[in-house]
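Subject: Handover of a structure and notes on its contents

Dear colleague,

Please find the structure below, passed to you for your own work. My notes follow it.

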Amino acid sequence: MNILVTGGAGFIGSHVVEKLLMEECHVVVIDNLSTGIRGHVPAGVKFIQMDICSEELLDVFTKERFDAVIHLAAQTMVPVSLNKPDYDCQVNLLGTVNILEACRKTGVKRVVFSSTAAVYGDVDNVPIVESAATRPTSFYGLSKFSVEKYLQMYQQIFGLEYVVLRYANVYGERQGDGGEGGVISIFTRKINQNEVLSVYGNGDQSRDFIYAGDVAAANYRALMTSHVNGIYNISTQTEVSVNQLIKILGQIAGREVQKQYCPVRQGDIYRSALSNQAAREKLGWQCEMLLVDGLARTYRDIRKGV
Ligand SMILES: NC(=O)c1ccc[n+]([C@@H]2O[C@H](COP(=O)([O-])OP(=O)(O)OC[C@H]3O[C@@H](n4cnc5c(N)ncnc54)[C@H](O)[C@@H]3O)[C@@H](O)[C@H]2O)c1
């Protein structure tokens, strides 16, 4: 299979490329390196430095004749989306429609799209199921949700198959500290440099932390499983509090972690966990990495870079 991975030089993209190579797929990466790193793309993988909004994208599709696209390239930062909604819309919505048009014109069969728990916004009941109401509280959540709707319509009108994967907070090796879900990369870097961790609120707020290798495996299942057009949460379905997270990281680092409690940040949600039942049942995927093992890998990776 000839697969295009957009954003393949990024954090999650690099795990996806690794997984596809293990499964002996032919992989091409398109990335403009706005946050991605060229060195994250394994040697031997064809790399094209290009913006997904570029008019030349169609030429690449025409030449390469992809069977499927795993689309991860995005503006990923909620605060950026709030300060520059036009930029967020340009990359996340118009850039994606540019890709969908290239798919339609060159006979690509399937698109796997990286969406986010941010499409749900604040929800009272956890774990959140895919049918829950969507009330994004940022332009980032809104642009991702809009793409989901475009994918549904491309499927209805042009028969382009799609799988939307809504990720919980992803962590793992090679994560930058700017994007979504960066609390683990921020904490591991600070612990490594013996800095004090800032905890907003009392630390009892919870998140659902999913390892990037498990997310990559979900992308592969979404690519390979037939008749699964639709939306799937990719998560551990488990709530972990920030205080619990700090305790585990302290055990891994082998020392007491210094932390300070700060006022709650406006807009932060208190509890978060996504149901992963649909992905288990329909995609045959399951989350495999234990948090303690995934955190140990992430911490080792940070130390390597010292
Ligand atoms: N990290 C998380 O916890 C999380 C959670 C939910 C969803 N996601 C989604 O997963 C995807 C990957 O996120 P990530 O955390 O790996 O972020 P990342 O910033 O590491 O990766 C994004 C990649 O896209 C590239 N890119 C950005 N704009 C581009 C453009 N206009 N043209 C071409 N390439 C472009 C960047 O250079 C980068 O390599 C994104 O779509 C993000 O919204 C991430």
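In which helix is the place of L82? L82 belongs to helix α3, which covers residues 78-83. Please bear in mind that the model is predicted.

Surface patch

L82 joins F139 and L142 in making a nonpolar surface patch of about 260 Å². The relative accessibility of L82 is 46%, so this residue counts as partly exposed.

Salt bridges

As general background, side chains of opposite charge can pair when their charged atoms come close. How many salt bridges does a search of the whole structure find? The search gives 11. Several of them are described here.

K19 and E23 meet through their side chains in a salt bridge, with an N to O distance of 2.8 Å. K19 is buried, because its relative accessible area of 17% is under the 20% limit. E23, by contrast, has a relative accessible area of 31% and is therefore partly exposed.

A further salt bridge is formed by D67 and K109, whose closest N and O atoms are 3.7 Å apart. Why does this pair tie together parts that are 42 residues apart in sequence? The reason is that D67 lies in the loop between α2 (57-64) and β4 (68-71), whereas K109 lies in the loop between α4 (85-106) and β5 (110-116). With a relative accessible area of 25%, D67 is partly exposed.

Within helix α4, K105 and E101 are four residues apart, which means that about one helical turn separates them. Their side chains meet in a salt bridge at 4.0 Å, N to O. Both residues also belong to a network of salt bridges that links E101, R104 and K105.

Surroundings of A278

A278 is found in helix α9, which comprises residues 277-283. Is A278 buried or partly exposed? Its relative accessibility is 22%, and A278 therefore counts as partly exposed, the limit for buried being under 20%.

Leaving aside residues up to four places away in sequence, A278 touches E130, Y232 and L283. In addition, the C-alpha atoms of A278 and N233 are separated by 7.4 Å, although these two residues are 45 residues apart along the chain.

With kind regards

Notes. Residues numbered from 1 in each chain as written. Predicted model: local features only at pLDDT ≥ 70, side-chain atom pairs only at ≥ 80, totals over all residues. Heavy atoms only, no water. Helix = DSSP H or I, 4+ residues; strand = E, 2+ residues; numbered from the N terminus. Buried < 20%, exposed > 50% of the residue type's maximum accessible area, 1.4 Å probe, protein only. Contact = heavy atoms within 4.5 Å. Patch = residues over 30% accessible without salt bridge, like charges linked within 9 Å, V, L, I, M, F, W, Y side chains within 5 Å. Areas by Shrake-Rupley, 256 points an atom, 1.4 Å probe, with all protein chains shown as cover.
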